[in-house]
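Got the viewer open? Here's a short walk through the model, one selection at a time.

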Amino acid sequence: MKEPLVPVVPMSHTAHIRSHRKPRRSATSSIALRAGVAGGVLSMAAAGASASANAAEPVTQTIELPTLTADMSAQVAQSAAATQQAAANYELRAERDAAAAKAAAEAKKDLAEAKKKAEAKKKAAEAARKAAAERAARSAERATLSTASASASASTSVSAPSSGSVATVIAFLKAQVGDAYVMGATGPNAWDCSSLVQAAYKQVGVDLPRVSQDQSMAGTDVPLSDVQVGDILYWGGKGSAYHVGVYIGDGQYLDAANPSKGVVIQDLSGYPASGAVRVL
């Protein structure tokens, strides 16, 4: 079989040279390209708008809690019970600490009061002991002095020397005003009542007994209505007098009164004497 003959077309002498012009796009391709670009731009715009909308609205996510099982419920209940027990223990410990602190404070207060009472009791006992010792000393002194002056007290009068002077006695007594009163003291700066009287009359040579009981027995008895300067005044019974002084005139007497007053001048009207004796 013979092959069909292909007609030969004469070519231009410039057909083998490539053209420098760009191939012209077809209208269909251009339209398609433009449509694609526009579609891409619209797609990007739509995506941006969607992203903006999504960014403006918060994302909410629901998380489901696991369902508590029986074991978990038991553990929670046990933990709650342990917490409650711990709180109760702390509260009990706080109450015990507070009670202990209160008991300690009360014990301290009781101890201080006990010490205070013991100290007061000790002071009272010491004062009582001292007072008893002073009373015993005075009693012993009086007994000793009474025995020593028994011979002198046997006589109811003491003769005064002719040179005796009442003025000398009074001057001596007034010179001792302001001295202290001390039981048993005999001068020169402290006296008791009888030692002052004894020392005053000794200045004029009259030797009187030492104690007031015996001095009330000395000399001659004088009625209080007839008392004179220089007479000895006594308080208490005759022979048992507990205090003596000397009359200095104008209703006054001088004596060693007591520890709070010492040697003073006082009015006889304020403390009337029981009796008087005259030794000058």
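A salt bridge, for this tour, is a side-chain nitrogen of Lys or Arg within 4 Å of a carboxyl oxygen of Asp or Glu. Keep in mind that this is a predicted model. Searching the whole structure turns up three salt bridges, and we'll visit each.

**Stop one: Arg278 and Asp231.** Select this pair and you'll find a salt bridge, with the closest N and O atoms 2.8 Å apart. Arg278 is in strand S8 (residues 275-278) and Asp231 in the loop between S3 and S4, so the pair ties together parts that are 47 residues apart in sequence. Now switch on a surface. Arg278 is partly exposed, at 21% relative accessible area, whereas Asp231 is buried, at 2%.

**Stop two: Lys238 and Asp221.** Here the side chains meet in another salt bridge, 2.5 Å from N to O. Lys238 sits in the loop between strand S4 (232-235) and S5, while Asp221 belongs to strand S3 (residues 220-222), so this pair links parts 17 residues apart in sequence. Lys238 is partly exposed at 36% relative accessibility, and Asp221 is partly exposed too, at 45%.

**Stop three: Arg210 and Asp192.** Pick these two for a salt bridge whose closest N and O atoms are 3.0 Å apart. Arg210 lies in the loop between helix H5 (193-202) and helix H6 (212-215), and Asp192 in the loop between strand S2 (190-191) and H5, so parts 18 residues apart in sequence are tied together. Are these two residues buried or exposed? Both Arg210 and Asp192 are buried.

**Stop four: Ser216.** Move on to the loop between H6 and S3, where you'll find Ser216. How accessible is Ser216, buried or exposed? Ser216 is buried, with a relative accessible area of 0%. Show the polar atoms: one in the side chain of Ser216 lies 2.6 Å from the backbone oxygen of Gln213. Then select what surrounds Ser216. Leaving aside neighbours within four places in sequence, its contacts include Tyr234, Val277 and Lys238, the last of these from stop two.

**Stop five: His243.** Next, click on His243 in strand S5 (residues 243-249). His243 is buried, with a relative accessible area of 8%. Which side chain does the side chain of His243 reach in a polar contact? The partner is Asp255, at 2.7 Å. Setting aside residues up to four places away in sequence, His243 also touches Cys193, Ser212, Leu233, Tyr234, Trp235, Ala256 and Ala257. Tyr234 is worth keeping selected for a moment, as it contacts Ser216 as well.

**Stop six: the S6 and S7 hairpin.** Colour strand S6 (residues 252-256) and strand S7 (residues 263-267): they run antiparallel, joined by five bridges. Start at Gln252, whose bridge partner in S7 is Asp267. Then follow the chain round the six residues between the strands and stop at Gly262, which takes a positive phi near 75°.

**Last stop: the confidence colours.** Recolour by pLDDT. The chain's mean is 76, with 63% of residues at 70 or more. Residues 27-33 fall below 50, and this stretch has one contact beyond near neighbours in sequence. Residues 142-163 are below 50 as well, but there the model has 28 contacts beyond near neighbours in sequence. Where pLDDT is low, the predicted coordinates should not be read in detail.

Notes:
Residues are numbered from 1 along each chain as its sequence is written. This is a predicted model: local features need pLDDT of at least 70, side-chain atom pairs count only at pLDDT 80 or more; totals for chains, interfaces and linings use all residues. Side-chain values use heavy atoms; hydrogens and water are left out. pLDDT is the predictor's confidence in each residue, from 0 to 100. Contact means heavy atoms within 4.5 Å. Helices (H or I, at least four residues) and strands (E, at least two) are DSSP runs, numbered from the N terminus. Buried means under 20% relative accessible area, exposed over 50%, partly exposed in between (1.4 Å probe, protein chains only). A polar contact is a pair of N or O atoms within 3.5 Å; within protein, one must be able to donate a hydrogen and the other to accept it, and residues adjacent in sequence count only if both atoms are side-chain atoms. Two strands pair if DSSP finds at least two bridges between them.
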